[in-house]
Amino acid sequence: MSECFLSLEKVDWSSDVPAFFRTSFDLLSEQLGWEGCAHYFLPLDMPPQPKQEPTDERL
């Protein structure tokens, strides 16, 4: 199997970390022969949820 490493020295957390996860996923899913993974990267399309008032959980 493969191992993926990300050096934390001088890492740009906003771009390097997501790119590392995506690249390592792509490499490993190809190596393992996973098919049909494209839906993993579709954004969730959820309607806004109504705001709920906090409940008193002591009751």
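Trainee: Before we look at anything, what counts as a helix here?
Mentor: A helix is a DSSP run of H or I that covers at least four residues, and helices are numbered from the N terminus. Keep in mind as well that this is a predicted model.

Trainee: How many helices and strands does the protein have, then?
Mentor: There is one helix, and the number of strands is zero. The helix, α1, takes in residues 16-32.

Trainee: Which side chains meet in a salt bridge?
Mentor: Those of aspartate 26 and arginine 22 do, with 3.1 Å from N to O, and the structure holds one salt bridge in total.

Trainee: And why can they pair up?
Mentor: Side chains of opposite charge can pair when their charged atoms come close. In this case aspartate 26 and arginine 22 are four residues apart in helix α1, so about one helical turn separates them.

Trainee: Is that pair buried or exposed?
Mentor: Neither word quite fits, because aspartate 26 is partly exposed at a relative accessible area of 32%, and arginine 22 is also partly exposed, at 39%.

Trainee: What about phenylalanine 21, buried or exposed?
Mentor: Phenylalanine 21, which sits in helix α1, is exposed, with a relative accessible area of 54%. Its C-alpha atom lies 9.1 Å from that of cysteine 4, although the two residues are 17 apart along the chain.

Trainee: Changing topic, what is the radius of gyration of the protein?
Mentor: The protein has 19 Å, whereas a compact globule of 59 residues would have a value near 10 Å. Of those 59 residues, 10% count as buried.

Trainee: How many positive and negative side chains are there?
Mentor: There are 4 positive and 11 negative ones, and the centres of the two sets lie 11 Å apart.

Note on methods
Residues are numbered from 1 along each chain as its sequence is written. This is a predicted model: local features need pLDDT of at least 70, side-chain atom pairs count only at pLDDT 80 or more; totals for chains, interfaces and linings use all residues. Side-chain values use heavy atoms; hydrogens and water are left out. A salt bridge is a side-chain nitrogen of Lys or Arg within 4 Å of a carboxyl oxygen of Asp or Glu. Helices (H or I, at least four residues) and strands (E, at least two) are DSSP runs, numbered from the N terminus. Buried means under 20% relative accessible area, exposed over 50%, partly exposed in between (1.4 Å probe, protein chains only). The radius of gyration is taken over C-alpha atoms; the globule rule is 2.2 Å times the number of residues to the power 0.38. Lys and Arg count as positive and Asp and Glu as negative; His and the chain ends are not counted. The place of a charge is taken as NZ of Lys, CZ of Arg, CG of Asp or CD of Glu.
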